[in-house]
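Hi everyone, thanks for making time this morning. I'd like to walk you through one structure, going from a single chain to the contact between chains and then to the charged pairs. Let me put it on the screen.

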Amino acid sequence: MSFLRTTVFCALVAAYSLSAAAAGAPGSAEDFIRDLAATALVKLGEKGTDADDHNRRFQRLLTNRFDIPRISKFVMGRYWRRATDDERREFVSLFEKFTTKAYANRFRDIGRAKLNVLRSREVASGQEVVHSQIDFDERPPIKVDWLVRSGPSGGHKITDVVIEGVSMRITFRDEFASVIRQSRGRVAGLLAALRKKTGD
Amino acid sequence: MRCLLMIFSGSGSGLGFLRPVVAVALLGLLAAGGCATPPSADDPEAVQHFEEINDPLEPLNRQVFWFNEVLDNLLLRPLAFAYREGVPPPLRTSVRSFLDNLKSPLTLLNDVLQLNADRAGETLLRFSMNSTIGFFGFADVAAEIGYPGHHEDFGQTLASWGLESGPYVVLPVLGPSNLRDAGGQVVDILVDPTGFETTELFRLGAGLVSAVDRRAQYLDELDDLRESSLDFYAAARSLHRQHRARQLENHERSHPVKPSPLAPVVKERIR
């Protein structure tokens, strides 16, 4: 289990990543991530919200700050092209529910972590990586890199979160590919598994 | 047999010296588990994915993975939970420092084998400092004055010599690994300088506490991943591959573009 500890830990701290906020932030990608952290702290760190309310807030942050359709396309990989329009639409909606369910819980004690933006660099036209570090009281800090894409109107959207070298979208892609392969290459198999998991 | 051949052709030039040992072990295991069916060659994307995942022993690996899961649920996880709830955080940190310090001689050895003088010097400094004024390593004094620790194993050393990882394997009890790193682990155990200075019982105890401590650090995260994933095995495999790549890359990044001078020699030898 030794390898798992760090990686999995990362994956779940990715929860932090998924904490998106309401407004589209103007300015640099770094500011966008700073604003995301601040908003997440306010929206999700509030005491006394019940689970449903917390999950709703989390999902709102997720859809506002993350480019869910683009991430969906990536994690489906080569199966995206094989999927019908209906399957694609259903996948995007299920994937959003799936990530909310998987991560919302992790943000219930978001108040105990602090995100510091370290630096950023452009990796492709309109795409930047923002390097950040999350500091905790009781455990060593974690390095989190955010892949941020800027839209034509200047808004930003996150397309990947990389925690200590572990990319969320690559992990999902590999896991989903395995599920599809086990259903003999049928995308419907993945959709069924997601439906079951999200209680749809 | 076909998949055994595939494993070796897939592992490239890397593992020549391990082949006889591994072949015998694998033959036994394959009889029990069988191997994954490769996709047909007319689907290049599927072939590429199959090669990237590099898990020709998947059916067997899955069995070992679930065996480890059962073991974890019965033993390691409860112990880790008790450790986290029962031992105060400062004490846990001290114990971790002590155990890490015990591992420094091995890291030093691997730093040297990687011909990485800077890191070797750092490890030596840390070990001397923490073992003395750090009270046998219970306090990580070196980190506080700006020399944080790092970890090197023989798998990483082999990688720095240019050996590829070989196929993914899940080791009983020890968990996810690959052919190269599994061989590296054996070497690490055999040559660990700490091993010559301590009793077997002590080493066993230290290993157990170390495993419990590590497990305790990721209790909630692992629980969540188990609960939320559609295919925990596949998720764990992906995490392991990426995490290990990062460890190797870290090593290179701190001393950029400095492949070991031994790399060509070793490659030649193996060929």
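Let's begin with the surface: chain A has an accessible surface of about 9000 Å², and 47% of that belongs to carbon and sulfur atoms. Accessible areas here come from the Shrake-Rupley method with a 1.4 Å probe, and for residues only the protein chains shown count as cover.

A quick word on ground rules. This is a predicted model, where local features need pLDDT of at least 70 and side-chain atom pairs count only at pLDDT 80 or more, while totals for chains, interfaces and linings use all residues. Residues are numbered from 1 along each chain as its sequence is written, chains are lettered from A and ligands numbered from 1 in the order in which they are written, and side-chain values use heavy atoms, with hydrogens and water left out.

Back to chain A, which holds 8 helices and 5 strands; these are DSSP runs numbered from the N terminus, helices being H or I with at least four residues and strands E with at least two. Along the sequence the order is α-α-α-α-α-α-β-β-β-β-β-α-α. Of its 200 residues, 52% are buried, where buried means under 20% relative accessible area, exposed over 50%, and partly exposed in between (1.4 Å probe, protein chains only).

Now look at the last helix in that pattern, α8 of chain A, residues 187-198. Its 12 residues reach 17 Å from first C-alpha to last, close to the 16 Å expected; the expected span is 1.5 Å times one less than the number of residues. Its buried residues are Val187(A), Gly189(A), Leu190(A), Leu191(A), Leu194(A) and Thr198(A). They pack against α4, α5, α6 and α7 of chain A, with contact meaning heavy atoms within 4.5 Å. Right after α8(A) comes Gly199(A), with a positive phi near 70°.

On to the interface. How many residues does the contact take from each chain? Chain A gives 39 and chain B gives 38. The area buried between them is about 3500 Å², with 59% from carbon and sulfur atoms; that is the accessible area (1.4 Å probe) that two parts lose on being put together, summed over both.

Thr171(A), in helix α7 of chain A, is a nice one to click on. At 8% relative accessibility it counts as buried. Its contacts, leaving out residues up to four places away in sequence, are Val166(A), Ala235(B), Ser238(B), Leu239(B) and Gln242(B).

Finally, the charges. Between chain A and chain B there are 4 salt bridges, each a side-chain nitrogen of Lys or Arg within 4 Å of a carboxyl oxygen of Asp or Glu. The whole structure has 31 over all chains. In one of them, Arg241(B) pairs with Asp174(A), the closest N and O atoms being 2.9 Å apart. Arg241(B) lies in helix α13 of chain B and Asp174(A) in helix α7 of chain A, so this pair joins two chains. Asp174(A) is buried at 1%, whereas Arg241(B) is partly exposed at 25%.

Within chain B, Glu58(B) and Arg62(B) form a salt bridge at 3.0 Å, N to O. They sit 4 residues apart in helix α4 of chain B, about one helical turn, and both are buried. The two also belong to a salt-bridge network with Arg181(A), Asp55(B), Asp231(B) and Arg237(B). Thanks, and I'm happy to take questions!
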